[in-house]
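Me: I am new to this structure and would like a close look at a single part of it, followed outward to whatever it touches. Please take your time, and name each place again as you come to it.

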Amino acid sequence: MASVKVVFATITGNNEDVADIIAEALENKGITVDVEEISQVDAFDLEEFDGVIVCPYTYDEGALPDEGMDFYEDLADVDLSGKVYGVAGSGDTFYGEYFCTAVDDFGTQLAKAGATKGAENVKINLAPDSDKDIEILENFAGEFAAKLEEN
């Protein structure tokens, strides 16, 4: 059975909700999922999982979550070859060009660590509270699960 680590960073709870929706969708596909807040995760522990999904928020004008900086920087030294990654997070479209830039930044960092992209990045405006948002996240999880099985 495949195992996936879902890591989230949140201030408002929105990205914890994103992580929980994705985790539930993966579990419904028979995947073992471990969800944890980013400051509690050692990036080197990701090597023990078949896949990793990061759910970050973007702070202010494109800043990464402060509590996730160590994790982000440690990804540069982790070998995730053979692993599958995905990134989905929420942000605020008020910030225009900076909307959810942390999603893309984490995606780039995970790819540099050697992981294979499991699904296109997802960016949710504010909270994942509409049926459409939930459907987008469930589809993301489905694509990720298919890539995980293929890998």
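Reply: A disulfide is taken here as a pair of cysteine sulfur atoms within 2.5 Å. The model is a predicted one, and by that cut-off the structure holds zero disulfides. C55 is in no disulfide, and the nearest cysteine sulfur to that of C55 belongs to C100, 11 Å away. Looked at from the other end, the closest cysteine sulfur to that of C100 is in C55, and because 11 Å lies between them, they are too far apart for a bond. C55 is buried, with a relative accessible area of 0%, and C100 is buried as well, with a relative accessible area of 1%.

C100 deserves a second glance for its backbone. Its place is in the loop between strand 4 (84-91) and helix 3 (101-112), and its phi is near 55°, a positive value in a residue other than glycine. Most residues other than glycine have a negative phi. D60 likewise has a positive phi, of about 50°, although D60 is not a glycine. D60 is found in the loop between strand 3 and helix 2 (69-74), and since its relative accessibility is 40%, D60 counts as partly exposed.

From C55 the path leads to strand 1, by way of V7. V7 lies in strand 1, which covers residues 3-8, and with a relative accessibility of 0% V7 counts as buried. If neighbours within four places in sequence are left aside, the residues in contact with V7 are E36, I38, V41, V52, I53, V54, C55 and F71, so C55, buried at 0%, is among the residues that V7 touches. V7 can also be placed by distance, for V7 and D34 stand 27 residues apart in sequence while their C-alpha atoms are 8.4 Å apart in space.

S3 is another residue placed in strand 1. S3 counts as buried, at 16% relative accessibility, and, leaving aside neighbours within four places in sequence, S3 is in contact with T32, E48, F49, D50 and G51. A further partner in space, given by C-alpha distance, can be named for K5: the C-alpha atoms of K5 and D45 are separated by 9.3 Å, with their positions 40 residues apart along the chain. D45 lies in the loop between strand 2 (32-37) and strand 3 (51-55), and with a relative accessible area of 36% D45 is partly exposed.

S3 also gives a way across to helix 1, through E27. The C-alpha atoms of E27 and S3 are separated by 9.7 Å, although the two residues are 24 apart along the chain. E27 has its place in helix 1, and E27 is partly exposed, with a relative accessible area of 43%.

Helix 1, in turn, meets helix 4. The axes of helix 1 (residues 14-27) and helix 4 (residues 131-150) come within 9 Å of each other and cross at roughly 50°, which makes helix 1 oblique to helix 4. The crossing of these two helices is right-handed. On the side of helix 1 the contact is made by V18, I21, I22, A25 and L26, and on the side of helix 4 by I134, L137, E138, F140, A141, F144 and A145. Sorted by kind, the residues of this contact divide into eleven nonpolar, no polar and one charged.

One residue of this contact can be followed further, namely I134, which lies in helix 4. With a relative accessibility of 29%, I134 counts as partly exposed. Once neighbours within four places in sequence are left aside, I134 is in contact with I21 and P128. I134 and I21 are 113 residues apart along the chain, yet their C-alpha atoms are separated by 7.1 Å.

To gather the path together: it begins at C55 and C100, which form no bond with each other across 11 Å. It then passes from C55 to V7 by contact, goes on from S3 to E27, whose C-alpha atoms are separated by 9.7 Å, and ends where helix 1 and helix 4 cross at roughly 50°.

Conventions: Residues are numbered from 1 along each chain as its sequence is written. This is a predicted model: local features need pLDDT of at least 70, side-chain atom pairs count only at pLDDT 80 or more; totals for chains, interfaces and linings use all residues. Side-chain values use heavy atoms; hydrogens and water are left out. Axes are lines fitted to C-alpha atoms, for helices over the stretch in contact, and angles run from 0 to 180 degrees between N-to-C directions. Helices (H or I, at least four residues) and strands (E, at least two) are DSSP runs, numbered from the N terminus. Angles under 35 degrees count as roughly parallel, over 145 as roughly antiparallel, 65 to 115 as roughly perpendicular and the rest as oblique. A crossing is left-handed if the near helix is turned anticlockwise from the far one by less than a right angle, and right-handed if clockwise. Contact means heavy atoms within 4.5 Å. Ala, Val, Leu, Ile, Met, Phe, Trp, Tyr, Cys and Pro count as nonpolar, Asp, Glu, Lys and Arg as charged, and the others, Gly among them, as polar. Buried means under 20% relative accessible area, exposed over 50%, partly exposed in between (1.4 Å probe, protein chains only).
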